[in-house]
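Reader: I have the sequence and the 3D picture open. Could you take me through some of the labels and tell me what earns each one?

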Amino acid sequence: MSRYVITYDTGTTGIKTCLIEIGSEIKIIASATHGYNLYVEDETGVKGGAEQEADEWWEAMCQTTKTVFEKAPEIKKDQIEGISFCSAMQGLVLVDKEGNCIRRPMTYMDQRATEELKKGIAHGLQIAGANVFKFLKCLIHTGAAPLSVKDPVWKYKWVEAHEPENFKKVYKWLDVKEYLILRASGEFVMTTDSAFSTLIYDTRKGHEGWCKPLCNMFGVNTEHLPKIMKCTDKVGEITEKAAQELGLAPGTAVFGGGGDASLIGVGTGAVEIGDTHIYSGTSGWVGTVVKKQVVDAGALMASIVGADPKSYNYFGELETSNKCVSWVKDHLALDEIGVYLAHHPTGDSDYEHIAVNLYDFLEEVVEQAEPGAGGVVFTPWLHGNRCPFEDPNAAGMFFNIKLETGKTELIRAVVEGIAFHMRWMLEKQNMKKDVHISDTVRFCGGGALGSATCQILADILQRNVEVVDSPQNIGAVGAAACIAVGLGIIPELKDVKKFIPAKITYHPNKENKAVYDRNFKVFTSLYKSNKKNFKILNG
């Protein structure tokens, strides 16, 4: 018998709300999207700032919930057995005792806390850019360390240093989906994966929970930290007020869900030890399921706590992945896009529907250029980079442009550059003896919507690439899997793979290996060659 749930995938630029049927497969039967704003340096008034409005998240959530019921009128609100969430991670949402936001939430992209990072961990005798004693203490307790300016503990310390009046009002420190859980249920909680992403969560067996030694070392008030719950736990029920605003039944179960880095792998069916998936959305990453914690401090890769308590995700991140394609759409292909819209009016105001159609058009442009993009190499570091090197000064570039270079080569080079960076991270993962990369990689996110992009990835990796149904919505599918386990429909998260089959497989073209190997060699040398230049221009 089919069961019905609603899940919310809260991303950087908008929310995807899905009405999902859980039967022989986990299947999306209706979805709706709504965008919201990202406030960066000019709007925040702070260099490196990246913030959002929590009310805009909630309003988008309410609007899209009503829309999915309009699209599937046969499903009634009292048939919904639970709601859950997938969201961007490492945000900082500070709330008071009434659950009100004290200040605009900082997103994972926020890079303002450079001085807090230096004072907190990057002084004295160093290893991997961190004080050796603090670094080792972090590894002992968490298996990772807050080495990035984007890590939320430094954002927390920035508020303490620069906004003392706001800091006095703090009751709890939450992440993005935890704020939405609070708004829906009135419960102040944080799931294990979100707690780990603060990098003050103790992962040692028998010691799981907030790590007091690290909180003391970094100066974190433990009273600000909420109760920790599992991703598959029922954490509360929808309140009367929230039910009225959302259009759901009061008392509907609210489940913990997880962060995007935790649930996107689940939603694409990469859940068994050794399964590897690649995600290309606004940001991107390579993740492999491993048995135990692994860390590569030099490449800024570590095993993160995911939705399944029996395994970890060995993880490397690209800050701007398919966001680079959006940049191409907005700044490099405007004339073609204008022509496309004039001749292919959609009659649909839904921003995702239009975006998908525009992406299909760009795919046609990409296919017109030869593999290797005429020797042009693009670096996808449009908002700095995080892995396998951390540098907020790093930037994008087109390398090796010549008179014969056309716009088609430039656009293809962007897609290839994203794939080169994924290969770089994948090869770094494959160097660790405790990490076993699967021969077939599952590819997901908006980047997986295009067949040309999927084939380019398969050719550059020289591996089979599988894509599931609705690859841009698999975060919502992962959140539904959490509900399914919480309700007892599916025994464990590792069993989810049976419910999420691959829809298409792309096989690598051996003829393209040589040109891509050549370009990849150049790609991996470009940061080292230009590190000083990036600092001169952007430091």
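Reader: What makes Cys-454 count as buried?

Author: Buried means under 20% relative accessible area, with exposed over 50% and partly exposed in between (1.4 Å probe, protein chains only). Cys-454 has a relative accessible area of 0%, so it is buried. Before we go on: this is a predicted model, where local features need pLDDT of at least 70, side-chain atom pairs count only at pLDDT 80 or more, and totals for chains, interfaces and linings use all residues. Residues are numbered from 1 along each chain as its sequence is written, and side-chain values use heavy atoms, leaving out hydrogens and water.

Reader: Why is Cys-454 not in a disulfide with Cys-444?

Author: A disulfide is a pair of cysteine sulfur atoms within 2.5 Å. The sulfur of Cys-454 has its closest cysteine sulfur in Cys-444, 10 Å away, so that is too far for a bond.

Reader: And what about Cys-215, how far is its sulfur from the closest cysteine sulfur?

Author: That one is 6.7 Å from the sulfur of Cys-211, again too far for a bond. Cys-215 is buried too, at a relative accessible area of 1%. By the disulfide rule, the count comes to zero.

Reader: Gln-462 has a relative accessible area of 19%; why is it called buried?

Author: Because the cut-off is under 20%, and 19% falls under it. Gln-462 is in the loop between α16 (451-461) and β24. Its phi is near 55°, a positive value in a residue other than glycine. Leu-199 has a positive phi as well, about 65°, and is not a glycine either. Leu-199 counts as buried at 7% relative accessibility, and its place is in the loop between α8 and β10 (201-202).

Reader: How do you know that helix α5 is largely enclosed?

Author: A helix here is a DSSP run (H or I, at least four residues), a strand is a run of E (at least two), and both are numbered from the N terminus. In α5 (residues 152-162), eight of the 11 residues are buried, so the rest of the structure largely encloses the helix. Among the buried ones are Pro-152, Trp-154 and Trp-158. The buried residues pack against several elements, including α3 (114-120), α6 (164-168) and α9 (212-218); contact means heavy atoms within 4.5 Å.

Reader: Which residue pairs with Arg-442 in β24?

Author: Glu-466 is its bridge partner there. Three bridges join β23 (residues 440-444) to β24 (residues 464-468), and the two run parallel. Two strands pair if DSSP finds at least two bridges between them, so three bridges are enough. Both belong to an open sheet of eight strands, in the order β18-β19-β20-β17-β16-β23-β24-β25, with mixed pairing. β18 and β25 (502-506) are at the edges with a single partner strand each, so one side of each has no neighbour in the sheet.

Reader: What keeps Asp-296 from being counted in a salt bridge?

Author: A salt bridge needs a side-chain nitrogen of Lys or Arg within 4 Å of a carboxyl oxygen of Asp or Glu. Lys and Arg count as positive and Asp and Glu as negative, while His and the chain ends are not counted. For Asp-296, the nearest side chain of opposite charge is Lys-432 at 4.9 Å, so there is no salt bridge, although Asp-296 is buried. Asp-296 is in strand β18 (residues 295-296), and its side chain reaches the backbone nitrogen of Ala-299 at 3.2 Å.

Terms used. A polar contact is a pair of N or O atoms within 3.5 Å; within protein, one must be able to donate a hydrogen and the other to accept it, and residues adjacent in sequence count only if both atoms are side-chain atoms.
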